[in-house]
Amino acid sequence: MNLKAVLEGLLFVVGDEGLTLEELKTILELDDDKLKETITLLEKDYISLDRGIEIANLGNRLKLVTKKEHKEYYQKLSTLNNDNTLSEQCLETLAIVAYNQPVTRSVVDEIRGISSSHMLRKLVFKNLICEVGRSETAGRPILYGTTTLFLDYFGLETITQLPTINILKDDTITELYDSKYNEEDKIIS
């Protein structure tokens, strides 16, 4: 197994949250020396001029970040990417934040069933959501909530004007299934 590749994949998957050395040791089942060696090897790969990212230790967490020397291109991207349309994935993520705020990325990920860090970054960039605090749970993850621009974008005065969502209960689903099953029984008879 290529530990360097696994480390890179882990840092990519967690995105902005990053991972502590303790978390990496537990996940990779490595001692301090072997973990530091693996991190150093990956850092050496990123030092190369043909790479656009590097490893940073921010807030006692290792993260993949873009290189500062390419900043002007990232700024051009942000001005170029002023499109006001939202993808289906962005709308899904935005709805989860709106209905569950304040909410952490991990809760959004759990509801969506996929990593949402990229979608959350897009929504923060578009100023539709923002950091509203930190959770009291382990690691103190960021809590996200909607902004006043979100309200303007959707023509709402307050968040309470969001349409209600009727969630089917398990017995309702069973009743729907039973009624469908009975209808098919009648047709076959």
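**Salt bridges and a buried lysine**

Biologist: How many salt bridges does a search of the whole structure find?

Modeller: Searching the whole structure turns up 11 salt bridges, and please keep in mind as we talk that this is a predicted model.

Biologist: Okay, which residue does Glu23 meet in a salt bridge?

Modeller: The side chain of Glu23 meets that of Arg61, with a distance of 3.3 Å from N to O. Glu23 belongs to helix α2, which covers residues 21-28, while Arg61 belongs to strand β2, so this pair ties together parts that lie 38 residues apart in sequence.

Biologist: And is Arg61 buried or exposed?

Modeller: Arg61 counts as buried, because its relative accessibility is 19% and the cut-off for buried is under 20%. Its partner Glu23, on the other hand, has 30% relative accessibility and counts as partly exposed.

Biologist: What about Lys25, which residue does it form a salt bridge with?

Modeller: Lys25 pairs with Asp32, and the closest N and O atoms of the two are 2.6 Å apart. Here again the two partners fall into separate classes, since Lys25 is buried with a relative accessible area of 17%, whereas Asp32 is partly exposed at 40% relative accessibility.

Biologist: Switching to helix α3, where do Lys34 and Glu37 sit relative to each other?

Modeller: Both are in helix α3, which runs over residues 32-47, and because they are three residues apart there, about one helical turn separates them. They form a salt bridge in which the closest N and O atoms are 3.6 Å apart.

Biologist: How do the accessible areas look for that pair, starting with Lys34?

Modeller: Lys34 has a relative accessible area of 35%, which makes it partly exposed, and Glu37, with 43%, is partly exposed too.

Biologist: Which residues are linked with Glu17 in a network of salt bridges?

Modeller: Glu17 is linked with Arg105 and Asp109 in such a network.

Biologist: New topic: where is Lys63?

Modeller: Lys63 is found in strand β2, which spans residues 61-66. At 18% relative accessibility, Lys63 counts as buried.

Biologist: So which residues does Lys63 touch?

Modeller: If we leave out residues up to four places away in sequence, Lys63 touches Leu11, Gly15, Asp16, Glu17, Gly18, Glu54, Ile55, Ala56 and Leu58. You may recognise Glu17 from that list, because we met it as a member of the salt-bridge network with Arg105 and Asp109.

Terms used. Residues are numbered from 1 along each chain as its sequence is written. This is a predicted model: local features need pLDDT of at least 70, side-chain atom pairs count only at pLDDT 80 or more; totals for chains, interfaces and linings use all residues. Side-chain values use heavy atoms; hydrogens and water are left out. Helices (H or I, at least four residues) and strands (E, at least two) are DSSP runs, numbered from the N terminus. Buried means under 20% relative accessible area, exposed over 50%, partly exposed in between (1.4 Å probe, protein chains only). Contact means heavy atoms within 4.5 Å. A salt bridge is a side-chain nitrogen of Lys or Arg within 4 Å of a carboxyl oxygen of Asp or Glu.
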